[in-house]
Amino acid sequence: MQPGPRGRWTVLVVLCVSLLLVAVDATVLHVAVPAVTKDLRPDGIELLWIVDAYPLVCASLLILFGTLGDRVGRRRVLLLGYACFGLASALAAYAASPAMLIVARGLLGVGGAMIMPATLSILRQVFPDRRERALAVGIWSAVAAVGAAIGPLVGGVLLEHFWWGSVFLINIPLMAVCLPAGRWLLPESSGDGAGPWDVTGALMAAAGLFALILALKRAGGGDAFTAGTVLAAGIGVGLLSLFVRRQLRRGSPLVDLAAFTRPAFGTSVGCIVLTVLALVGLALVAAQYLQLVLGLSPLQTGLRLLPLSLAAIAAGLAGSRLLHRIGPRAMVATGFVITALAVLTLLFLDQHDRPVVMTIGFVLLGFGLETTLFGAYEAMLSDCPAREAGGAAAIGETAYQFGAGIGIALLGSVMNATYAPEVSGASRLSGVAEADAEAASHSLGEAYAVASRIGGESGRALRDAASEAFVHGMHLTLVASAAMLLLGALAALRLPASLDVPPCHDGKAPRDRAWAPAQAGERDRSPLSLGGRRP
């Protein structure tokens with residue numbers, strides 16, 4: 001039996017609180033990097049791993065833990081994720097060396113990979129009625145978007161009053177509440193358990209995703225054609241190719257690759273990739289623009305991003321009604337168009353602070369982004385059988401992380417291709433030494449450091465030139481993002497036109513209607529119910 005109406009929404013609250021922590025943790029460290037650098041004194045490689053260990057490990061393990069939850073129980077995996085996340089947060093908060101912090105960030109990634117797909121797959125199980133589930137998915141996706149957006153704000157507030165470890169320490173009391181609450185309130189469920197769990201395939205997918213996303217991150221950092229990047233990309237592509245071949249040969253695969261041929265599922269996953277691809281690199285640029293070009297503090301930067309979060313919340317709450325009114329196809333396509341309009345609005349930003357333009361752009365951005373992701377996630381989740389919810393959720397979250405990696409690499413390359421030559425040319429015209437000009441061309445932060453060291457008229461000229469080059473590169477990045485978003489609007493036309501189209505699996509008659517209870521054989525062991533197997 002399923003939890004009653006009140007129990008379902010209580011379950012959603014527990015899931016959203018845990019998801020919020022994971023989403024915040026993905027971005028909260030960004031504003032703490034200077035304090036961490038000052039205290040632990042990591043070298044360049046160690047600092048890179050401190051920042052990247054969490055998303056790399058989390059993204060690579062999503063499929064492993066998502067499919068494991070389908071076999072051994074989604075609540076069980078979720079509770080293990082809570083415990084792992086809490087312990088890793090304590091280790092990170094009191095890390096005494098860069099190596100210890102890197103290990104802690106990796107363990108946070110393990111916990112996050114357990115939590116993220118489990119929350120969405122349990123949501124799929126608890127809300128069998130598609131209309132109720134649409135509202136629940138809207139709230140879930142709004143929480144995810146808001147968590148990532150307010151991470152810098154939370155970090156800025158904490159760093160104003162406490163040491164850098166506080167950005168991790170806040171996780172512990174909340175996880176201490178979520179663990180017993182989840183144990184008591186969340187229903188246990190799993191798939192039908194057909195066939196053995198493919199351990200080799202799960203490890204192959206994890207290693208392949210880790211290598212490929214690492215290569216994308218290195219490419220985004222300016223090391224696109226180095227031996228390490230090429231080797232990581234080769235290993236990643238090779239392992240994932242072997243994983244695909246293995247899944248196609250198995251009678252009980254970890255991931256039903258045939259699902260990608262269905263318009264609703266395959267198109268939804270593609271829309272998630274395109275949305276995040278266009279926006280993650282843009283978010284990185286926006287943070288640098290606010291802090292370096294406009295000179296805002298981390299707290300002020302977080303406050304400037306607050307309209308984006310509020311608009312995302314509004315879109316999530318309104319998403320269910322909008323979905324019922326216009327259907328998945330129009331909703332996702334409209335979200336893409338609104339987001340592209342927001343990105344083009346931000347082209348009016350320059351070296352001077354324009355808060356009105358920025359607020360309008362961020363409001364449109366938050367509303368459009370949340371509308372797109374809401375429609376895409378809802379269509380993807382409703383198209384999969386309930387017994388495969390963990391694997392489907394893991395694919396959606398992996399698509400999000402994969403899109404983030406591609407976005408940073410692609411849009412970072414666009415930015416660097418514009419910024420570096422302009423700064424180098426301006427530096428030479430200003431009489432800056434060759435070594436200083438080379439250093440200034442690496443990033444805006446380095447250019448400001450060189451300008452401060454040089455001082456005088458040359459330093460001021462270099463600073464102005466670097467700022468102007470960065471804004472120019474940001475504008476080209478915005479145009480590239482808008483183009484990808486419009487491409488996503490066209491791709492969304494393959495989605496179902498309305499909610500009345502039942503999902504179809506393997507080209508046969510629908511066997512898991514999204515608005516019907518979970519099918520026979522789906523195990524549900526809820527502490528809020530009498531338990532047992534459905535007849």
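Is Asp-353 buried, partly exposed or exposed, and what is its relative accessibility? In this predicted model, Asp-353 has a relative accessibility of 38% and therefore counts as partly exposed, since that class lies between the cut-offs of 20% and 50%.

Asp-353 also takes part in a salt bridge. Its partner is Arg-304, and the closest N and O atoms of the pair are 2.7 Å apart. The two residues, 49 apart along the chain, link distant parts of it: Arg-304 belongs to helix 12 (residues 298-304), while Asp-353 sits in the loop between helix 13 (306-345) and helix 14 (355-383). Arg-304 is partly exposed too, at 22% relative accessibility. A search of the whole structure gives two salt bridges. Another such contact joins the side chains of Arg-354 and Asp-350, with an N to O distance of 2.7 Å. Here Arg-354 is partly exposed, its relative accessible area being 33%.

Turning to the surface, Leu-91, Met-100, Val-103 and Leu-107 make a nonpolar patch of about 280 Å². Helix 5 (residues 98-126) contributes the most to this patch, with three residues. Leu-91, by contrast, is found in helix 4 (residues 74-93) and is partly exposed, with a relative accessible area of 31%.

Inside the protein, a search of the whole structure finds one cavity of 30 Å³ or more, and its volume is about 30 Å³. Eleven residues line this cavity, and Phe-65, Gly-66, Gly-69, Ala-118 and Ser-121 lie nearest its centre. Helix 3 (44-72), helix 4 and helix 5 each provide at least two lining residues. Sorted by class, the lining holds five nonpolar, four polar and two charged residues.

Methods: Residues numbered from 1 in each chain as written. Predicted model: local features only at pLDDT ≥ 70, side-chain atom pairs only at ≥ 80, totals over all residues. Heavy atoms only, no water. Patch = residues over 30% accessible without salt bridge, like charges linked within 9 Å, V, L, I, M, F, W, Y side chains within 5 Å. Areas by Shrake-Rupley, 256 points an atom, 1.4 Å probe, with all protein chains shown as cover. Salt bridge = Lys/Arg side-chain N within 4 Å of Asp/Glu carboxyl O. Helix = DSSP H or I, 4+ residues; strand = E, 2+ residues; numbered from the N terminus. Buried < 20%, exposed > 50% of the residue type's maximum accessible area, 1.4 Å probe, protein only. 1 Å grid on protein atoms, 1.4 Å probe; cavity = no way out; pocket = protein on both sides within 12 Å on 5 of 7 lines; lining within 4 Å. Points joined across faces, edges and corners; volume = space filled by probe spheres on them. Nonpolar A, V, L, I, M, F, W, Y, C, P; charged D, E, K, R; others polar.
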